[in-house]
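Welcome to a short set of worked exercises. Have the viewer open, try each task yourself, and then compare your steps with the solution.

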Amino acid sequence: MFRRKSSRTIQADDSAARGAKVSELREAVGPLSGRNLKFCTDVCLRQYLEARNWNLDKAKKMLEETLKWRSTYKPEEIRWHEVAHESETGKVSKGNFQDRLGRTVLIMRPGKQNTSSPEGNIRHLVYLMESAILNLPEGQEQMSWLIDFNGWSLNTNIPIKTARDIIYILQNHYPERLAIVVLYSPPRFFEAFWKVVKYFIDSKTFEKIKFVYPNNKDSVELMKTFFDTENLPSEFGGKATLNYDHEEFSKLMVQEDVKTAKFWGLDDRGDIFQKQRRGEKESAKQMAPKNLSFKGADIDEKSIRKDNAEELVIALAEAKADAIMSRLKTTDQLDENTHSTLLITADTTNNASSWPILIDLFGYILPTSIGIEVAVYEGIVREKPSSKEEARQFIKSYSGGQATVVGSVVVTNLTKGIRKGAWERSEVYFHDIPDEIIDSLLIDKSHPMEAKFFRFLKIVGVGFKARAESEGRLLYLKLGYSHEVELTVPPAVRVFCFKPNVVCCTGIDKYRVHQFAASVRSCKPPEVYKGKGIMYIDEVIKKKQGKKSK
């Protein structure tokens, strides 16, 4: 009898018992550190307990799965410039108003769907969820969603699998974050989609979803209960105007990126062209020089000293610019080219030999090999090693660990004499680096952060596509089978999918890069009749003629 009583569900008004349960969950999860410790606040633990009806074991399992997901997906590291293209039409944005209880409002307009990438849609929503949670008003733990179905059709609808994945992430990794979800004026044929999706939604979340129709009196009263009609956009039956300005919203998100980085203890700086990348894309093309040339800058880098890595990389890039300008003046080339020349210097080294194939594939220059001049390891700034033994020591210390790399770009307008520059800081995580790889790096005088070898593959076939996850450590292939083919990328190799049908294998070990590329190709070798399958980008398939019908 007593045992049965102790296992009863915690009542909502039993604050002492709830506090004890939170403490028990924290003890059950064990010691935490870093971002996990910052994530697992008492509020967070209580939400996981509420999501599992205060069952300690179930809440612990759910929380551990979230911590595992966050360690690989790294939602706190997603930045606006990575997902900005998903938001160009305003399909998901944060409202500039709150509901009656002061909660943040996310506005979704599925009729403005502008991309077809499942992963892109998911990352975009996860980014906005992280941002909304971080900026919740004091005392608020939940948010409201308004979903406007104006313009929605089966053509703009996301796939069932994507919807299921989104629901899974929201329910399992952001529990008790939704206060209410308003589905405003869904069309009749939405019911077919809803009949499938609703089976993926748990009972608690299902109760928060409200169907609202503008001509229904009860629906109108429901909206007035949760929202002030003076602030509510007219699209949802209010009196306010909803105007989505992508440029202004981008500026707001860039500011929140800085706030996010500060909260999680990440030293983050935005892309120097991030605010202008889309609005000034065409003007940037016009400013670009017609003739592109590469020049080295012979400077004594050891003589340039600064207190921190950021100031150092800027100073190095500026010194290179001054050295090149001085050389141009000496050879009288500066006066001849000032009418059409931008001088771009950077504290990085690029392997330009790989650019032509990338320009041909993607229509723009993509730096493919970046050897970082300045790295920060355990708080100490590291530059180029002065000896072979020091280089070996550096590389060995990176094995299985992490380092911070800092690079810079300085752009000088030789006509106006204007110079602008910025630095970028990134975290790099290393697999274990075998001794034979270290030996080959020292022989070739390569840097362990330099992607030296490349192998490109293209995928041909209707519905055939690839995607890379976990920062290039996992590759998923859709090749017409009943399941996705999952490949684990070996150490010293990374995979990128610049297009759904183009796979780039890159790394510092030529043998491993080519071996993995061959493994990818073997998943669906090209057939000789229609040419469908996976092939190297420069591979030529001699097609055979099929049997002719009589």
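**Exercise 1. A charged pair**

Which residue forms a salt bridge with Asp99, and how far apart are the closest N and O atoms?

Solution. Before you start, note that this is a predicted model, in which local features need pLDDT of at least 70 and side-chain atom pairs count only at pLDDT 80 or more, while totals for chains, interfaces and linings use all residues. Residues are numbered from 1 along each chain as its sequence is written, and side-chain values use heavy atoms, with hydrogens and water left out.

Step 1: apply the rule that a salt bridge is a side-chain nitrogen of Lys or Arg within 4 Å of a carboxyl oxygen of Asp or Glu. The partner of Asp99 is Arg103, with the closest N and O atoms 2.7 Å apart.

Step 2: check burial, where buried means under 20% relative accessible area, exposed over 50% and partly exposed in between (1.4 Å probe, protein chains only). Asp99 is buried at 6% relative accessible area, and Arg103 is buried at 9%.

**Exercise 2. Salt bridges across the sequence**

Find where the partners of Glu484 and Arg521 lie in the chain.

Solution. Step 1: Glu484 meets the side chain of Arg467 in a salt bridge, at 2.6 Å from N to O. Glu484 lies in the loop between β15 and β16 and Arg467 in strand β14, so the pair links distant parts of the chain, 17 residues apart; helices (H or I, at least four residues) and strands (E, at least two) are DSSP runs numbered from the N terminus. Both partners count as partly exposed, Glu484 at 24% relative accessibility and Arg467 at 25%.

Step 2: Arg521 and Glu539 also meet in a salt bridge, at 2.6 Å from N to O. Arg521 belongs to helix α19 (residues 510–522), and Glu539 to the segment after β19 (533–536), 18 residues apart. Arg521 is partly exposed, at 22% relative accessibility.

Step 3: look for shared partners. Arg35, Arg70, Glu76, Glu77 and Glu130 are joined into one network by such salt bridges. The count of salt bridges comes to 19.

**Exercise 3. Two sheets**

Work out the strand order of the sheet that holds β14, and then that of the sheet that holds β13.

Solution. Step 1: two strands pair if DSSP finds at least two bridges between them. This gives an open sheet of three strands, β14-β15-β16, with antiparallel pairing. Its edge strands are β14 (465–469) and β16 (485–488), each pairing on one side only. Between β14 and β15 (residues 474–478) there are five bridges, and Ala466 has Leu477 of β15 as its bridge partner.

Step 2: the other sheet is open and antiparallel, with four strands in the order β17-β18-β13-β19. β17 (493–499) and β19 stand at its edges with a single partner strand each, so one side of each is left without a neighbour in the sheet. Strands β13 (residues 453–460) and β18 (residues 502–507) pair over six bridges, and Lys458 stands opposite Val502 in β18.

Step 3: add the helix. α19 packs on this sheet, touching β13, β17, β18 and β19, where contact means heavy atoms within 4.5 Å. Its direction makes about 5° with that of β13 (axes are lines fitted to C-alpha atoms, for helices over the stretch in contact, and angles run from 0 to 180 degrees between N-to-C directions).

**Exercise 4. Nonpolar cores**

Which helix gives the most to the largest nonpolar core?

Solution. Step 1: a nonpolar core is a set of buried Ala, Val, Leu, Ile, Met, Phe, Trp, Tyr and Cys residues joined through side-chain atoms within 4.5 Å. The largest has 39 residues, and those with the most contacts inside it include Trp80, Met129 and Leu183. Helix α7 (residues 118–134) gives the most, with seven residues.

Step 2: a second, separate core of 21 residues includes Leu477, Leu487, Val493 and Tyr536.

Step 3: list the contacts of Leu183. Not counting residues up to four places away in sequence, Leu183 touches, among others, Ile147, Phe149, Trp194 and Phe211.

**Exercise 5. A buried glutamate**

Is Glu176 buried or exposed?

Solution. Glu176 sits in the loop between α8 and β4 (178–184). At 16% relative accessibility, Glu176 counts as buried. Leaving aside neighbours within four places in sequence, its contacts include Gln47, Glu50, Lys204 and Lys208.
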